[in-house]
Structures are given as structure tokens and as C-alpha cells.
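Student: Could you take me through the salt bridges in this protein, one pair after another? I would like to know where the partners sit and how covered they are.

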Amino acid sequence: MKQDSGMQSACAIHATRAFRLDTDRYATAASLEDEAAAEGMRVLVLRLRRGEIIYDATPATELRMGDILALGGQRQYLLAFEGRIGSELDDALLLDIPVESASVIVTKAGADGSSIGEMAQQDYARGVFLTRLMRGQQQIPITAVTQIQRGDVLSLIGNPARLDAVAAEIGYRERSTLVTNMLTFGLGIAVGCLIGLPAFFIGGVKLALSTSVGTLLAGLLFGWLHSRRPWLVGHIPEPSRMFLVNFGLAGFVAITGLHAGPSFISGLLEVGLALFVAGVICTCVPPTIGVLFGRYILKMNPVLLLGAVSGAQTMTAAMVAVQDRAKSQAPVLGFTVPYALGNVILTTFGTVIVLLMS
């Protein structure tokens with residue numbers, strides 16, 4: 001279900017449920033949890049009630065028949081254990097466990113390359129569950145063998161103290177906020193302009209990256225810094241980021257039309273239909289050749305290939321259209337480098353063509 005629709009699914013993947021232990025099959029909490037782990041399931045004994053007293057559970061906690069256990073894990077795993085433990089009870093006081101959600105950015109070298117299954121077995125991760133794994137705006141499937149990389153963003157739920165312990169072990173806990181860090185925003189623009197403004201001349205031809213390419217490179221730099229040192233680069237909320245993307249795209253299309261419209265009409269009146277036909281050929285043939293070459297010769301992934309071709313054409317609108325069609329942010333991985341090179345070649349060879357025609 002799409003989250004941007006204003007609706008959320010009523011089906012919660014992770015749950016905490018109370019069961020009466022009607023068997024002496026499990027001597028300790030660890031024996032129950034180990035049996036679940038052997039079957040590829042993560043089920044944890046979070047708390048237990050014995051008589052009127054409620055205890056926080058650890059793997060070494062002794063279990064007795066008649067105990068009421070608060071089990072945490074994925075709902076499907078809890079259902080699988082219901083027949084092995086006993087009947088389910090509605091014990092609101094036992095299940096009143098404080099939990100919260102947190103986003104943790106993986107920055108520690110020790111966590112880089114570890115699998116989700118390995119991290120789940122660590123003591124600091126007890127009572128913490130992973131709900132989503134994001135890598136470069138892409139949601140990664142969660143399996144026991146999925147490897148964590150530096151820069152990944154883990155969405156976790158669990159006890160607040162446990163969440164802080166996980167963050168201390170693997171990276172940095174990013175506090176949720178709706179405030180845009182204007183220092184990061186302004187500094188990124190300033191750095192981008194400083195990168196793009198310098199120019200040099202070769203034979204009277206001016207070569208420069210331009211402020212648009214400089215800002216793009218600054219964005220890549222700040223994004224990389226945020227994945228490595230998130231405390232140095234301020235947070236920009238997702239709504240603000242989407243506004244900037246959409247506003248920038250609309251402004252780009254509008255300015256391009258305002259600049260190209262008058263010259264196109266005057267050129268069409270002066271040269272005739274040949275100008276229009278030549279424009280169609282120059283616009284359609286190179287991307288077509290690029291797509292065919294990349295797909296059948298280089299064997300590139302189609303999504304990355306279309307992003308790269310959009311970048312080579314310096315067409316942000318085309319990249320956004322590919323993203324919408326693919327329902328993924330992956331095309332931007334192929335877009336960035338060709339876009340930077342395309343802008344340099346566009347500004348350089350535009351001047352070269354004018355010089356050759358003069």
C-alpha cells in the first residue's frame with residue numbers, strides 16, 4: 001500500500017502477544033528462542049508474568065509451566081508457535097511495553113558487510129526489530145542473509161534504551177524533524193556555485209562545469225558526507241526534498257521553454273520545415289543508438305541505461321519520467337555522471353560548432 005496516499009496498512013508485520021506456557025518443553029527463554037532460530041524465525045521472550053509479578057526476560061530467564069510469556073516477532077512466526085506453547089491471553093499490563101521507532105544510519109566500519117541475521121543475534125539487538133532497509137532511496141528486501149552497507153538507513157522499532165544501544169554499535173540515530181537545515185541547504189548551493197564558476201579558455205573556447213553541474217556535484221558530495229558523517233551534515237526532511245525536486249523540474253522546463261521558444265519560431269520562419277526535421281533527427285537518433293548499444297552490446301540494466309541516456313541528453317525531465325515509470329529511484333544512479341559530462345560537452349561543443357560555422 002502506498003504511504004503517500006494518506007493511508008496505512010492495518011496489517012502490522014511485527015507484534016507482541018501473550019501466551020500461557022502449558023508445556024515444560026522450554027526450560028529457559030534461550031531454548032525457545034534457539035528453536036525458533038533453527039527454523040529461520042526470530043521470536044523473543046520479552047517479558048513474563050509469574051503470579052502477580054512481571055519480569056523482564058533475558059535468554060537465561062527460567063521458564064515454568066503456567067508462566068504467561070510476552071513474545072515478540074513477526075506475526076506469522078508467533079502464529080507458528082501458538083500451538084507449541086499454549087493458549088493466547090489478553091494481558092494488557094504484560095503487553096504494556098514501551099516501544100518507539102527510530103532511523104539509524106550505518107556509519108561504523110564494524111557493521112559494514114554484516115548480514116541482518118548476524119546482527120539480530122547480537123546482545124545489543126535483543127528486543128529490536130527491523131521494519132525497513134533503505135539504500136540510496138531504494139528499499140532493500142529484508143532477509144537473514146541481506147548484507148548491511150555503510151550509509152544504509154535502518155528503520156527500527158523497540159525499547160528506547162535498546163534503540164540507543166543499537167545506534168551506538170552500528171552508527172548514528174537520526175532524530176525525526178520537520179525543520180529543514182538551512183545551513184546545509186545554503187552551503188550546498190554556495191559550494192556548487194564555487195565548483196561550477198571557474199572557467200578556462202582553450203583557443204578562445206570557454207570551458208566550465210557551469211553552476212548547474214557544480215550544484216549537482218555538491219549534492220553528491222553532501223549526500224556522501226551525510227552517509228558517512230551524518231552529524232556534520234544537517235537533515236533535510238523528505239517533504240522539503242520532494243518540493244525542491246518538483247519545483248526545480250518545473251522551473252527547468254519553464255526556463256528552457258522561455259529561452260528556446262523565440263529562437264525556434266524565428267529559425268523555423270527563416271529556414272523552414274528542414275529545421276524541424278533536423279531537430280527531430282538530432283533529438284531521436286542518438287538516444288536510440290545509445291539505448292540499443294547499451295542494452296545489446298554493454299548488457300546494461302534497462303533502468304540504469306535509461307537513466308544514463310537521460311543524463312547524456314542533460315534532460316532531468318526524462319530521468320524523472322523514467323523514475324515514475326519504473327517506480328524506483330534507481331535511474332538516478334545511471335544519470336549523474338553522464339549528466340555532468342553532457343553539460344560540459346554541451347557548453348563546449350556549442351561554442352566549437354559556432355566557431356566552425358563562422
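Tutor: Happy to; here is a walk through some of the charged pairs, with a short look at a nonpolar patch at the end. Please keep in mind that this is a predicted model.

A search of the whole structure finds 12 salt bridges. Let's begin with Glu-39, which pairs with Arg-84. Their closest N and O atoms are 2.8 Å apart. Glu-39 belongs to the loop between α1 (29-38) and β2 (43-50), while Arg-84 is part of helix α2 (residues 75-85). These are distant parts of the chain, 45 residues apart. Glu-39 counts as partly exposed because its relative accessibility is 43%, which falls between the 20% and 50% cut-offs.

Next comes the salt bridge between the side chains of Asp-67 and Arg-50, with an N to O distance of 2.8 Å. Here a loop meets a strand: Asp-67 is in the loop between β3 (53-56) and β4 (68-74), and Arg-50 is in strand β2. This pair, too, links distant parts of the chain, with the two positions 17 residues apart in numbering. Asp-67 has a relative accessibility of 2%, so it counts as buried. Arg-50, at 23%, counts as partly exposed.

A third pair joins two strands. The side chains of Glu-100 and Arg-173 meet at 2.6 Å, N to O. Because Glu-100 lies in strand β6 (residues 100-106) and Arg-173 in strand β10 (residues 171-174), the pair ties together parts that are 73 residues apart in sequence. Glu-100 is partly exposed at 31% relative accessibility, whereas Arg-173 is buried at 10%.

Some salt bridges also share partners: Arg-25, Glu-35, Glu-39 and Arg-84 are joined in this way into one network. That brings us back to the pair of Glu-39 and Arg-84.

Now for the nonpolar side chains. A surface patch of about 1100 Å² is made by a set of residues including Phe-264, Leu-269, Leu-273, Phe-276, Val-285 and Ile-289. The elements that give two or more residues to this patch are α7 (238-271) and α8 (273-296). Helix α8 gives the most, with 8 residues. One residue to look at is Val-285, found in helix α8. Val-285 has a relative accessible area of 39%, so it is partly exposed. That value also fits its place in the patch, because patches are made of residues with over 30% relative accessible area.

Methods:
Residues numbered from 1 in each chain as written. Predicted model: local features only at pLDDT ≥ 70, side-chain atom pairs only at ≥ 80, totals over all residues. Heavy atoms only, no water. Patch = residues over 30% accessible without salt bridge, like charges linked within 9 Å, V, L, I, M, F, W, Y side chains within 5 Å. Areas by Shrake-Rupley, 256 points an atom, 1.4 Å probe, with all protein chains shown as cover. Salt bridge = Lys/Arg side-chain N within 4 Å of Asp/Glu carboxyl O. Helix = DSSP H or I, 4+ residues; strand = E, 2+ residues; numbered from the N terminus. Buried < 20%, exposed > 50% of the residue type's maximum accessible area, 1.4 Å probe, protein only.
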